[in-house]
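Me: Please take a close look at one part of this model for me, the charged side chains and what they meet. After that, connect that part to the buried interior.

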Amino acid sequence: MSKAGRKVAIVTGAGSGVGRAVAVALGEAGYAVTLAGRRMDALEETGAALGGAPHLAVTTDVTDPESVHALFAATVEKFGRVDLLFNNAGTGAPAIPLEDLTFAQWQQVVATNLTGPFLCTQEAFRVMKAQEPRGGRIINNGSISATAPRPFSAPYTSTKHAITGLTKSTSLDGRAYDIACGQIDIGNADTPMAQKMKAGVPQADLSIKVEPVMDVAHVASAVVYMASLPLDANVQFMTVMATKMPFIGRG
């Protein structure tokens with residue numbers, strides 16, 4: 001247990017959407033939570049939603065190794081350990097033809113969606129291997145784009161496919177040190193980023209259709225379940241999606 005007598009979680013991208021919902025749910029489940037994100041004002045809003053649960057807000061750029069190191073150092077200093085990392089921070093590029101994307105747009109998505117989770121995982125390994133009791137859990141936010149792309153989504157889809165490889169490698173490399181790693185693939189959770197689904201988004205045939213969404217609370221409860229398991233059990237992959245969204249089959 002931590003200095004606060006609770007398990008300790010770090011949630012990246014905690015200022016809104018899935019990250020905020022998961023952070024609040026973890027707080028309700030008894031965790032002390034470190035909230036990581038680029039904007040302190042958004043993190044403070046999430047902190048207020050946590051009520052009385054112990055928490056720490058740390059402005060973090062997950063693409064910067066020094067910033068990631070500072071995030072984990074601040075967490076260990078305040079709470080004494082790290083039991084859970086939820087690699088959630090992510091971004092996308094404009095939905096434009098692949099050949100029109102700039103190199104900078106590609107690089108930004110790769111840095112945030114792939115390099116960021118790697119840097120956080122690397123730092124988590126260093127902490128989790130050294131602490132007593134040893135070990136912990138890492139949960140990666142994959143997205144159903146880790147399985148199937150949307151039109152005009154090459155950078156995002158490529159990074160989410162790569163997250164699956166990172167999840168598997170992390171699970172394997174962490175095995176000897178009681179570090180478990182799993183992945184949650186989310187489809188159409190009702191967050192600010194998903195508002196476009198309600199207005200209509202391109203389908204595989206490039207037609208525009210409104211898509212169903214689901215309450216983000218279902219994602220949060222799924223992550224809490226994954227986190228609740230003892231370290232000798234693991235949800236390797238879980239998909240949580242709006243039942244009627246166009247994903248299974250041919251749409």
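Reply: Start with a charge and a ring: Lys129 sits over the face of Tyr177, 4.0 Å from the centre of the ring. Keep in mind that this is a predicted model. Pairs of aromatic rings are another matter, since a search of the whole structure finds zero of them.

Next come the charged pairs. Side chains of opposite charge can pair when their charged atoms come close. The structure holds eight salt bridges, and three of them can be taken in turn.

One of the eight joins the side chains of Glu45 and Arg20, with 3.2 Å from N to O. Glu45 belongs to helix α2 (residues 40-49) and Arg20 to helix α1, so this pair ties together parts that are 25 residues apart in sequence. Arg20 has a relative accessibility of 23%, so Arg20 counts as partly exposed.

Another links Asp61 to Arg38, whose closest N and O atoms are 3.3 Å apart. Here both partners are in loops: Asp61 in the one between β3 (55-59) and α3 (65-79), Arg38 in the one between β2 and α2. The pair therefore ties together parts that are 23 residues apart in sequence. Asp61 is partly exposed, at 23% relative accessible area, whereas Arg38 counts as exposed, at 59%.

In a further salt bridge, Lys198 meets Asp190, again through side chains, at 3.2 Å from N to O. Lys198 is partly exposed at 39% relative accessibility, and Asp190 is partly exposed at 30%.

Now to the interior. In soluble globular proteins, nonpolar side chains tend to be buried together. The largest nonpolar core of this model has 39 residues, and those with the most contacts inside it are Leu26, Phe86, Ile139, Ile184 and Val219. Elements that each supply at least two residues of this core include the strands β1 (8-12), β2 (32-37), β4 (84-87), β6 (179-187) and β11 (237-241), and the helices α1 (17-28) and α7 (216-228). The largest share, eight residues, comes from α7. Helix α1 thus has two roles in this account: it supplies core residues, and it holds Arg20 of the salt bridge with Glu45.

Val219 shows how parts of the chain meet in this core. Leaving aside neighbours within four places in sequence, Val219 is in contact with Val18, Ile184, Ile186, Ala189, Met214 and Val240. A second, separate core has 23 residues, among them Ala36, Leu71, Ala89 and Phe125.

Not every buried residue is nonpolar. Gln183 is in strand β6, and its relative accessible area is 0%, so Gln183 is buried. The side chain of Gln183 makes a polar contact with the side chain of Thr164, at 3.1 Å. Beyond residues up to four places away in sequence, Gln183 also touches others, including Asn140, Gly142, Met226 and Phe237.

A loop residue can be buried as well. Ile144 lies in the loop between β5 (136-141) and α5 (154-174), and at 10% relative accessibility Ile144 counts as buried. Not counting residues up to four places away in sequence, Ile144 touches Asp185, Ile186, Gly187, Thr239, Met245 and Phe247. The C-alpha atoms of Ile144 and Ala42 are separated by 26 Å, and the two residues are 102 residues apart along the chain.

Notes: Residues numbered from 1 in each chain as written. Predicted model: local features only at pLDDT ≥ 70, side-chain atom pairs only at ≥ 80, totals over all residues. Heavy atoms only, no water. Core = buried A, V, L, I, M, F, W, Y, C linked by side-chain atoms within 4.5 Å. Buried < 20%, exposed > 50% of the residue type's maximum accessible area, 1.4 Å probe, protein only. Helix = DSSP H or I, 4+ residues; strand = E, 2+ residues; numbered from the N terminus. Contact = heavy atoms within 4.5 Å. Phe/Tyr/Trp six-rings, centres within 6.5 Å; stacked < 30°, edge-to-face > 60°. Lys NZ or Arg CZ within 6 Å of the ring centre and 35° of its normal. Salt bridge = Lys/Arg side-chain N within 4 Å of Asp/Glu carboxyl O. Polar contact = N/O pair within 3.5 Å; in protein donor to acceptor, adjacent residues only side chain to side chain.
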